[in-house]
Amino acid sequence: MGNHSKFVFIEFPLWIFDMSTKKILVDDDDLTHLKLMKKLLGKLGHIVVTAGSAEEAEYILRYEEEFSLVITDLIMPWLNGLDFCRRVKILKPYLKIYALSGWVYNFDRNELEDAGFDGIYQKPIIKSDLAEILNADICTEN
């Protein structure tokens, strides 16, 4: 018997994406999802930094690097994605933050929007949603 992968990699036509290189922080406690997003976004030509927790992501944003956007999970131990977004929007209100979670429907949509998310998406991400995130105008610090 051969070794069968659980994941199917879908080739996206590159013309649907803004091809300018973005620096993206992906925050998720699921290491498999982190690797998948890093591979997918990297294949599209972006610089991807991953964090395995909201605390690690907040540290990176606070002390280390500047990013074009952040993609975060919602349900994580300790600091969840909702509180993470609120904290980052105080620190860097211009930064685009997108929620990407398998449990989006367990949250009140108004609460997610009030937290400051620039977009809320269901896992697994579909190509039109990824294109929407990557093609969004990048805000810069004033």
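Colleague: At what angle do α2 and α3 pack, and how far apart are their axes?
Modeller: This is a predicted model. Two packed helices are described by the angle between their axes and the distance between the axes. For α2 and α3, the angle is about 5 degrees and the axes are 11 Å apart.

Colleague: Is α2 roughly parallel or roughly antiparallel to α3?
Modeller: The packing angle is about 5 degrees. Angles under 35 degrees count as roughly parallel. Therefore α2 is, to α3, roughly parallel.

Colleague: Which residues of α2 and α3 make the contact, and how many of them are nonpolar?
Modeller: From α2 come A54, A57, E58, L61 and R62. From α3 come F84, R87, V88 and L91. By class, 3 are charged, none is polar, and the nonpolar count is 6.

Colleague: In what order do the strands of the sheet run?
Modeller: Strands of a sheet pair through backbone hydrogen bonds, either parallel or antiparallel. Here 5 strands form an open sheet with parallel pairing. The order is β2-β1-β3-β4-β5.

Colleague: Which strands stand at the edges?
Modeller: An edge strand here has a single partner, so one side is left without a neighbour in the sheet. That describes two strands, β2 (47-51) and β5 (119-122).

Colleague: Which residue is the bridge partner of I24 in β2?
Modeller: Strand β1 covers residues 23-27 and pairs with β2 in the parallel sense over 5 bridges. D27 stands opposite A51. The partner of I24 is V48.

Colleague: Which helix does the chain pass through from β1 to β2, and what is the hand of the crossover?
Modeller: The chain leaves β1 and passes through helix α1, residues 31-43. It then reaches β2, completing a β-α-β crossover. The hand is right-handed.

Colleague: Which strands does α3 lie across, and at what angle does it run to β4?
Modeller: Helix α2 (residues 54-64) touches β1, β2 and β3. Helix α3 (residues 81-91) lies across β1, β3 and β4. Its angle to β4 is about 175 degrees.

Colleague: Which residue meets D28 in a salt bridge?
Modeller: Side chains of opposite charge can pair when their charged atoms come close. The whole structure holds 9 salt bridges. In one, the N to O distance is 2.6 Å, and the partner of D28 is K123.

Colleague: How many residues apart are D28 and K123?
Modeller: D28 sits in the loop between β1 and α1. K123 sits in the loop between β5 and α5. The pair links distant parts of the chain, with a separation of 95 residues.

Colleague: Which residue does a cis peptide bond join to K123?
Modeller: Most residues other than glycine have a negative phi, and most peptide bonds are trans. After K123 the bond is cis, with omega about -10 degrees. The residue joined lies in the loop between β5 and α5. It is P124.

Conventions: Residues are numbered from 1 along each chain as its sequence is written. This is a predicted model: local features need pLDDT of at least 70, side-chain atom pairs count only at pLDDT 80 or more; totals for chains, interfaces and linings use all residues. Side-chain values use heavy atoms; hydrogens and water are left out. Two strands pair if DSSP finds at least two bridges between them. Helices (H or I, at least four residues) and strands (E, at least two) are DSSP runs, numbered from the N terminus. Contact means heavy atoms within 4.5 Å. Axes are lines fitted to C-alpha atoms, for helices over the stretch in contact, and angles run from 0 to 180 degrees between N-to-C directions. A crossover is right-handed if, with the strands pointing away from the viewer, the path from the first strand over the helix to the second runs clockwise. Angles under 35 degrees count as roughly parallel, over 145 as roughly antiparallel, 65 to 115 as roughly perpendicular and the rest as oblique. Ala, Val, Leu, Ile, Met, Phe, Trp, Tyr, Cys and Pro count as nonpolar, Asp, Glu, Lys and Arg as charged, and the others, Gly among them, as polar. A salt bridge is a side-chain nitrogen of Lys or Arg within 4 Å of a carboxyl oxygen of Asp or Glu.
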